[in-house]
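Notebook open, and the plan is simple. I want to look for empty space first, then check a helix pair and a couple of single residues.

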Amino acid sequence: MDKRRIVSGIRPTGDLHLGHYLGVLKNWVSLQDEYQCFYFVADWHALTSEYKDPTIIAQSSRDMVIIWLSVGLDPERSVLFRQSDIKSHAELFTLLSMITPVSWLERNPTYKEMREELKEKDLSTFGFLGYPVLQAADIVIYHADRVPIGEDQLPHLELTREIVRRFNHLYGAEILREPKEILTEAPRVPGLDGRKMSKSYGNAVFISETEESLKPKVMQMLTDIKRMRRSDPGEPKDCNLYPFHDFFTDESTREEIQAGCRSAQWGCVDCKKILIKNLIAEFRPVWEKIEYFRGHKTLVDDILKAGCEKATRESALTMVRVREAMKL
Ligand code: TRP
């Protein structure tokens, strides 16, 4: 069993939506074939921005694991756990913070942007500045070879590598491993209103919808705004909804839709009905599993417990070497 290792996490700050499904989770699922994967709920990272009201973190942490299991993350093959269960992430965070220059953190573009964008959240905290150091600890504590991330996370991974190099330089070569990224080409997933799908915009279709909640959402979705009347021809390339057919509809139907739209033989409602049908086909098995896991809470607890044990064992090996290197 000499598979290479992957580590990745998601912050539990709300329900997972189709953007997560298409941009992250499907990829995580397929990586399980080739890699040994450590996937975790980054609840400490969520606290860096949600510290004033952590209720959402508690709620979405559990639900997130249920969704992971329901879309095909396999606890037999992957280690699924909660970051806050593995206290040694915090220990390594402390130790790495000793050698991380503040200037590296202050020049981090994500830090600057987020502080500006989320002014109302008051992110001028020590924890938020240290976010990438905690992320570095998450990654190197399992000797990850690869980290699947979106482009926005590249600066964080570069910082991880810089911290690793500094650590190895100071305390002995090859103690920590430098991880590389697996860049997931994040497809642009439009929300109901044409902006990027995001929980905070209130325009998201969640993975845990029901048939009843899904239909009206798709029906209200913006299409090609130039198409005012049913008799006007439309243009799939300018349509907010059409990209979903690329994800969920087979090729020959897509060709039919395109032709029908451009000749105004098809109306947007016809097109939406097909999408609804295909979304239901894709998600019905997922919804069934979600219901199953929601009804079997102890099963989810057991999976997290097993993940915690495995992650504890693996991280302990690294911590022995790190403490030794730092003469602790
Ligand atoms: N910062 C990541 C995000 O916002 C979440 C995260 C925390 C992470 N620790 C990680 C991702 C370790 C990959 C590896 O998406």
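**Entry 1: the largest cavity**

Reminder to self: this is a predicted model. I began with the largest cavity and got a volume of about 100 Å³. Its lining runs to 13 residues, and R227, C239, I257, C261 and C271 are the ones nearest the centre. Which helices supply at least two residues each to this lining? I found helix 12 (251–262) and helix 13 (268–295). Sorting the lining by class gave me 9 nonpolar, 2 polar and 2 charged residues.

**Entry 2: the second largest cavity**

My count of cavities of 30 Å³ or more came to 2. The second largest one has about 30 Å³ of space. I wrote down its lining in full: L18, V205, F206, I207, E209, L214, L279, F283 and W287. Helix 13 turns up here too, giving the most to the lining with 3 residues. By class I get 8 nonpolar residues, no polar ones and 1 charged.

**Entry 3: H245**

Next I looked up H245, which sits in helix 11 (residues 242–248). Is H245 buried or exposed? It is buried, because its relative accessible area is 0%, and the cut-off for buried is under 20%. Leaving out residues up to four places away in sequence, I see H245 touching R254, I257, C271, I274 and L275. Two names there were already in my notes: I257 and C271 are among the residues nearest the centre of the largest cavity.

**Entry 4: helix 13 against helix 14**

Helix 13 keeps coming up, and I wanted to know how it meets helix 14. For two packed helices, the description is the angle between their axes plus the distance between the axes. Here the axes of helix 13 and helix 14 (residues 297–325) come within 4 Å and cross at roughly 90°. I therefore filed helix 13 as roughly perpendicular to helix 14, since 65 to 115 degrees is the range for that label. Which residues make the contact? From helix 13 I have Y292, F293, R294 and G295, and they meet K297, L299 and V300 of helix 14. The residues of this contact split into 4 nonpolar, 1 polar and 2 charged.

**Entry 5: an open pocket**

I moved on to the second largest pocket, with a volume of about 280 Å³. It has 16 lining residues, and P75, E76, R77, S78 and V79 are the closest to its centre. Strand 2 (35–41), strand 3 (79–82) and helix 14 each put at least two residues into the lining. Which element has the largest share? That is helix 14, with 5 residues. The class split I noted is 7 nonpolar, 4 polar and 5 charged.

**Entry 6: G191**

Last lookup of the day was G191, in the loop between strand 5 (180–183) and helix 10 (211–219). I marked G191 as buried, because its relative accessibility is 0%. What does G191 touch, once residues up to four places away in sequence are set aside? I listed K196, M197, N203, M221 and N240. I also checked G191 against V102: they are 89 residues apart in sequence, and their C-alpha atoms are 37 Å apart in space.

Key
Residues are numbered from 1 along each chain as its sequence is written. This is a predicted model: local features need pLDDT of at least 70, side-chain atom pairs count only at pLDDT 80 or more; totals for chains, interfaces and linings use all residues. Side-chain values use heavy atoms; hydrogens and water are left out. On a 1 Å grid over the protein atoms alone, a cavity is a set of points where a 1.4 Å probe fits but cannot get out, and a pocket is an open set with protein on both sides within 12 Å along at least five of seven lines; lining residues have an atom within 4 Å of a point. Grid points are joined across faces, edges and corners, and a volume is the space filled by probe spheres set on the points. Ala, Val, Leu, Ile, Met, Phe, Trp, Tyr, Cys and Pro count as nonpolar, Asp, Glu, Lys and Arg as charged, and the others, Gly among them, as polar. Axes are lines fitted to C-alpha atoms, for helices over the stretch in contact, and angles run from 0 to 180 degrees between N-to-C directions. Angles under 35 degrees count as roughly parallel, over 145 as roughly antiparallel, 65 to 115 as roughly perpendicular and the rest as oblique. Contact means heavy atoms within 4.5 Å. Buried means under 20% relative accessible area, exposed over 50%, partly exposed in between (1.4 Å probe, protein chains only).
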